[in-house]
Amino acid sequence: EHQKTFGLIKKFTLDNKIIKRIIYQCRLIKLISMKTDHCKNKSATEIKQVTEFLKMIESSGIDVYVIPGNHDINNPNAVSYSGGSVTRVKSVTPEEFEEVYKEFGYSEAIDRDPNSLSYVVEVADGLWILAMDCCRYRENTETNSLVGGEFSEETLSWIKEKLKEAEERSIRIFGMMHHGIWEHFLGQSLYFTDYVVNDYQEVA
């Protein structure tokens, strides 16, 4: 099973034909917002491989903006595969995530939330991307990784300030975040709690 998984990952990270095909299919797109988990095995090495793929996309004229997923940072389950063996490896810290992905939103940010990896970037005149980080990686332990999302009071306050500023300046907002900000179907927050941000009704 691990060998099959590794083979699939290797194929998608190293096969330039697949990468070029993806870029070709995205040729009419101006930007990509990447708000899902960035790789399967959560290792620092694998995340760096993802950035090489994103650089290829940006070199084709498509802007890429990222926000972390709930498995990307401080993940105790980060592994690497070699043949049939599985080895625990280092995950990335919040600071390392920002550094690795600095070319995909963070270095272009016009404002940053000091309490999370949230940021604002101006992608066009009168249009901002508000990248909102609600992942709880700072609460992870050596044996447990939290899946659900929740904004701290400080981050939620920062988001509200940015929304107010945008409204006052007649700027449109495109929001992006990993967890759902509203139920995709009735009862999702009851049966699939971790997929909707905590207190989604108040947050939304």
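**Close-up views of a predicted model**

**Figure 1. Glu 165 and Lys 162 lie in one helix, H6 (residues 153-168), three residues apart, which is about one turn of that helix.** The model shown here and in the other views is predicted. The side chains of Glu 165 and Lys 162 meet in a salt bridge, with N and O 2.8 Å apart. Is Lys 162 buried or exposed? Lys 162 counts as buried because its relative accessible area is 9%, and the limit for a buried residue is under 20%. Its partner Glu 165 has a relative accessibility of 24% and is therefore partly exposed. The pair belongs to a network of salt bridges that links Asp 111, Lys 162, Glu 165 and Arg 169.

**Figure 2. Helix H6 packs on an open sheet of four strands.** The strands follow the order S5-S6-S7-S8, and their pairing is mixed. Which strands form the edges of the sheet? The edges are strand S5 (111-112) and strand S8 (172-177), each of which pairs on one side only. H6 touches S5, S6, S7 and S8, and its direction makes an angle of about 170° with that of S7. S7 and S8 run parallel and are joined by six bridges. Across this pairing, Trp 128 stands opposite Ile 173 in S8. In general, the strands of a sheet pair through backbone hydrogen bonds, in either a parallel or an antiparallel manner.

**Figure 3. Two hairpins connect strands of this sheet, one between S5 and S6 and one between S6 and S7.** In the hairpin of S5 and S6, six residues lie between the strands. These two strands pair in the antiparallel sense over two bridges, and Arg 112 stands opposite Tyr 119 in S6. S6 and S7 also pair in the antiparallel sense, over five bridges. Here Ala 124 stands opposite Leu 127 in S7. How many residues lie between the strands of the S6 and S7 hairpin? There are two residues between them, and Gly 126 takes a positive phi near 80° in this hairpin.

**Figure 4. The largest nonpolar core holds 29 residues.** The residues with the most contacts inside this core are Leu 54, Val 66, Phe 97, Tyr 101, Tyr 106 and Tyr 119. At least two core residues come from each of helix H2 (16-25), helix H3 (44-59), strand S2 (63-66), helix H4 (94-100), helix H5 (102-106), strand S6 (119-124) and strand S7 (127-132). Which element supplies the largest share? Helix H3 does, with five residues. Apart from this core lies another one, of 15 residues, including Val 120, Ile 171, Met 177 and Val 197. In soluble globular proteins, nonpolar side chains tend to be buried together.

**Figure 5. Aromatic rings pair in the model, with five such pairs in the structure.** The rings of Tyr 101 and Phe 104 have centres 6.3 Å apart and planes at 65°. This pair is edge-to-face because its angle of 65° lies over 60 degrees. Tyr 101 is buried, with a relative accessible area of 0%, and Phe 104 is buried with 1%. Another edge-to-face pair is formed by Phe 185 and Phe 192, at 6.0 Å centre to centre and with 80° between the planes. Are these two residues buried or partly exposed? Phe 185 is partly exposed at 41% relative accessibility, and Phe 192 is likewise partly exposed at 41%. Ring pairs also link Phe 97, Tyr 101 and Phe 104 into a cluster.

**Figure 6. Two further salt bridges are formed by Lys 90 with Glu 96 and by Lys 102 with Glu 99.** How many salt bridges are counted in the structure? The count comes to nine. Between Lys 90 and Glu 96, the closest N and O atoms are 2.7 Å apart. Glu 96 is partly exposed, with 30% relative accessibility. Between Lys 102 and Glu 99, the distance from N to O is 3.0 Å. Both of these partners are partly exposed, Lys 102 with a relative accessible area of 37% and Glu 99 with 47%.

**Figure 7. The whole protein contains eight helices and eight strands.** Of its 204 residues, 40% count as buried. Among contacts between residues at least 6 apart in sequence, 64% join residues at least 24 apart.

Technical notes:
Residues are numbered from 1 along each chain as its sequence is written. This is a predicted model: local features need pLDDT of at least 70, side-chain atom pairs count only at pLDDT 80 or more; totals for chains, interfaces and linings use all residues. Side-chain values use heavy atoms; hydrogens and water are left out. A nonpolar core is a set of buried Ala, Val, Leu, Ile, Met, Phe, Trp, Tyr and Cys residues joined through side-chain atoms within 4.5 Å. Buried means under 20% relative accessible area, exposed over 50%, partly exposed in between (1.4 Å probe, protein chains only). A salt bridge is a side-chain nitrogen of Lys or Arg within 4 Å of a carboxyl oxygen of Asp or Glu. Rings of Phe, Tyr and Trp (its six-membered ring) pair if their centres lie within 6.5 Å; planes under 30 degrees apart count as stacked, over 60 as edge-to-face and the rest as tilted. Two strands pair if DSSP finds at least two bridges between them. Contact means heavy atoms within 4.5 Å. Axes are lines fitted to C-alpha atoms, for helices over the stretch in contact, and angles run from 0 to 180 degrees between N-to-C directions.
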